[in-house]
Amino acid sequence: MSPAVLEDNALYRNIYSMIDWMLPDFLDGITGYVAAFAIVLVVANIVLVITPLFIWFERRLLGRFQQRLGPNRWGPFGLLQPIADAIKLIIKEDIVPRGADRAVFNAAPVVLFMPVMLMIAVIPFGTQFYLVDLNVAVLYIIAVGTLETIGIFMAGWASGNRYALMGAVRSVAMLVSYEVPLVIALAAVLVWSGSMSLVDIVEKQPVPLLLLQPLGFFVFLTATIAEMNRAPFDLIEAESEIVAGYHTEYSGMKFGVFQLAEFASVVVGAGFITAIFLKGAAGWSFLPSPMWFSLKWLVVIFCIIWIRATLPRVRVDQVMGFAWKFLLPLSVINLVAIAVEMVIWPAPGTTELWIMGGINFAIAGVAVSVLATALGHKNFSPRKPQFPIRKVAGKEGV
Amino acid sequence: MSVSSNSVTVNIGPQHPSTHGVFRLKVEFDGEEVLDLEPVFGYLHRGTEKLAEERNYAQVVTLTDRLDYTASMTNNQAYVLSCEKLGQIEVPERGLYLRVIAAELQRIAAHLMATGFLLQDMGAMGTPLMYCFRERERILELFEMLCGARITNSYMRIGGVFYDAPESFWPALRQFLNEMPGYIEEYEALMTGNEILLGRTKGVSSLSVDDIVNASISGPMLRAAGLAWDVRKSDPYDIYSTLDFEIPVGIQGDVYDRYWVRLQEMRQSLSIVDQCFGRIPKGPVRTEVPLIFRPPVGDAYVPIEAPKGELGFYIVSDGGISPYRCKIRAPSFINLTLLKEMLIGKKMADLVVILGSIDINMGEVDR
């Protein structure tokens with residue numbers, strides 16, 4: 001392992017020195033390889049451990065939102081519930097329907113899960129704490145993230161089920177639409193930071209970018225929720241319409257892998273939001289930097305679950321309209337505003353940052369309210385009850 | 001290269017999360033759009049009308065519970081009213097009041113369930129449903145105090161109600177009446193102004209009053225279209241003619257209006273129960289009617305306003321111990337008449353929402 005990597009990356013440095021200490025001296029030659037393997041193992045497993053925890057958190061929180069308890073039987077506060085669920089899924093029969101395309105059917109869960117795992121690589125979990133500092137990280141996220149669509153479409157197509165097919169078709173149409181505002185919102189971030197590396201993006205934020213690009217944050221959050229197939233954009237697996245969407249026919253651990261991939265994509269997506277818009281792992285020094293990352297991440301996760309618990313689902317044409325008529329103009333406005341501001345103040349000081357934040361919040365408020373009034377239900381006011389019959393009347397009252 | 005596309009036929013139901021039981025729709029889709037559909041009934045057919053001919057008059061009450069099992073009290077009420085008309089039986093006033101209290105509480109419970117499941121069909125992740133069920137639970141507890149049962153009550157008898165309410169019922173009812181308006185406000189705050197809800201419901205499946213009347217649809221669907229027709233006003237039964245309440249009506253007859261009318265009706269029902277609470281007289285709750293009740297030869301039909309629409313039992317007596325014929329006018333079934341008109345050309349997602357707004361109950365549709 002090159003010394004430069006060891007110097008920059010605390011995660012590598014710690015694991016490397018631990019492996020070096022554990023291995024006998026004559027194996028020093030392979031320490032680097034063992035360390036690399038261990039690092040990948042650790043980071044991959046962090047996600048596999050955090051995802052069940054997130055599932056537990058979501059179920060408990062949804063329970064609270066819905067005036068019930070949520071899982072509370074297995075382990076303290078029901079913490080072992082996801083493990084119990086996983087065991088149940090593993091021992092269930094794995095059914096492949098007769099009309100299914102067997103090879104594609106079996107491959108789909110893996111294809112869906114792989115991009116999620118790949119995306120973890122570029123998240124900076126803390127200061128000097130990441131798997132790889134890719135200089136095209138943002139491009140990488142978008143490229144790899146889009147691969148999820150292929151997994152979903154494979155599952156829907158290969159199932160030989162019409163509900164699944166409908167879910168798959170919806171997913172392709174929707175995810176492709178939401179890539180556009182997502183990318184334009186990210187472009188504004190790139191204009192600001194001048195780098196595609198997530199580590200650089202985190203370092204180049206004088207304050208959390210949320211305060212400077214509120215519109216970009218809004219668009220990015222919304223589009224990410226849509227990309228993650230979460231409510232209110234969960235029409236890929238809208239259980240009241242198309243039963244379970246693309247994974248209707250899946251059972252056993254294949255279904256489990258789908259669930260894992262879905263929840264892991266929320267974990268990863270919230271990680272990106274934390275890194276890009278909330279200044280990643282930065283914080284005061286009384287807590288280690290991964291703790292700050294986790295705290296911010298938890299707040300983002302909480303908001304996503306909150307949205308899920310509150311809003312009804314959007315119809316399929318409304319989803320498209322929302323992406324193209326609402327989010328796309330907003331993201332373009334945001335990009336133009338940031339670009340102009342970067343030309344005026346190439347190296348903003350504290351005063352300029354205040355002005356910039358103020359202008360951007362004003363733009364965000366005006367743009368959102370103008371577009372919302374133009375597209376939404378105009379002049380909606382809670383209707384006063386109308387009662388044509390005032391007095392108690394007999395048959396003549398009608 | 002030429003692209004050809006075929007329509008896809010999808011069987012929605014009988015096992016489907018949003019068909020409210022075992023309703024089956026054979027739908028032909030062009031992508032997301034409904035081209036044609038064919039409803040298939042009968043998966044929950046239990047032959048209630050025929051069974052009623054085999055039971056004596058008192059026993060049929062238990063069959064009516066299982067028609068619309070979300071509104072057993074009003075089913076009981078419709079049946080006993082027809083029997084009482086057939087046998088010319090006077091009911092003591094306290095019995096009438098208790099019936100109205102039970103029926104209006106049941107209306108609130110049924111509307112809560114309808115609203116909750118409408119939002120659930122819209123994909124609201126269970127939160128509104130759980131909120132609605134929280135209060136429905138309170139009503140079911142009140143029913144448990146009245147008759148020991150929560151769903152299949154069989155509370156009403158020919159000639160009155162089975163038991164007088166226990167002492168503990170009245171404070172519990174008072175507390176419920178005090179708290180419920182706040183809960184309805186809470187639903188409104190959570191749901192009514194929501195942009196997504198408006199987008200999903202406004203202008204969806206608007207029906208004109210003429211169409212609805214021609215299809216003899218009744219209940220909240222009719223009132224949502226703007227016609228203030230309510231059996232409690234037009235043909236008052238029990239003590240409704242002495243009570244002061246109003247009929248909320250919608251404007252367009254779309255899904256939003258149906259939802260809105262149900263919310264307003266809950267408020268009116270609360271006010272009715274409140275009036276009954278203040279006025280209920282002391283006295284017996286039931287006229288003694290022999291268990292083997294033999295009404296004179298003849299027939300009777302008393303329509304009532306059930307939560308889902310006009311409900312009535314047409315009972316023909318041949319002077320024997322069981323009805324010669326018992327025809328049920330089930331509002332859920334008749335409200336499905338315009339299903340095709342409402343659904344063709346709509347999206348898949350609208351389909352479940354419209355079905356939810358009709359508020360069908362398969363126990364009543366298939367009987």
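A residue is buried if 20 or more other C-beta atoms, placed from the backbone, lie within 10 Å of its own, exposed if 12 or fewer do, and partly exposed in between. Keep that handy for the exercises below.

The model is predicted, so local features need pLDDT of at least 70 and side-chain atom pairs count only at pLDDT 80 or more, while totals for chains, interfaces and linings use all residues. Residues are numbered from 1 along each chain as its sequence is written, and chains are lettered from A and ligands numbered from 1 in the order in which they are written.

**Exercise 1. Describe chain A as a whole.**

Step 1: list the helices and strands, which are DSSP runs (H or I, at least four residues, for helices; E, at least two, for strands), numbered from the N terminus. Chain A has 15 helices and zero strands.

Step 2: look at the box. Along the principal axes, the C-alpha atoms of chain A fill roughly 105 × 65 × 40 Å.

Step 3: check burial. Of the 398 residues in chain A, 41% are buried.

**Exercise 2. Work out how the two domains of chain A meet.**

Step 1: find the bounds, which come from an automatic or database domain assignment. Domain 1 of chain A is 1–91 and domain 2 is 92–374. Their C-alpha centres lie 22 Å apart.

Step 2: count contacts (two residues whose C-beta atoms, placed from the backbone, lie within 7 Å). Here 23 residues of domain 1 of chain A touch 19 residues of domain 2 of chain A.

Step 3: see who supplies the domain 1 side. In chain A, α2 (10–22), α3 (31–65) and α4 (81–91) each give at least two residues to it, and α3(A) gives the most, with 13 residues.

Step 4: sort that side by type. Ala, Val, Leu, Ile, Met, Phe, Trp, Tyr, Cys and Pro count as nonpolar, Asp, Glu, Lys and Arg as charged, and the others, Gly among them, as polar. On the side of domain 1 of chain A that touches domain 2 of chain A, you get 17 nonpolar, three polar and three charged residues.

**Exercise 3. Test the length of α2(A), then find its buried side.**

Step 1: the expected span of a helix is 1.5 Å times one less than its number of residues. For the 13 residues of α2(A) that gives 18 Å, and the end C-alpha atoms are 18 Å apart, so the two agree.

Step 2: pick out the buried residues of α2(A): Tyr12(A), Tyr16(A) and Ile19(A). They sit on the same side of α2(A) because they cover an arc of only 65° around the axis; the arc is that of the directions from the helix axis to the C-beta atoms.

Step 3: recall the rule. An α-helix has 3.6 residues a turn, so residues three or four places apart point the same way.

Step 4: turn to the opposite face. Away from its buried side, α2(A) carries the exposed residues Met18(A), Trp21(A) and Met22(A).

**Exercise 4. Locate two residues with positive phi in chain B.**

Step 1: start with Ser205(B), whose phi is about 55° although it is not a glycine. Ser205(B) lies in the loop between α7 (195–201) and α8 (209–214) of chain B. It is buried, because it has 24 C-beta neighbours inside 10 Å.

Step 2: go on to Arg367(B), another non-glycine, with a positive phi near 55°. Arg367(B) is in the segment after α15 (362–366) of chain B, and with 24 other C-beta atoms within 10 Å, Arg367(B) is buried.
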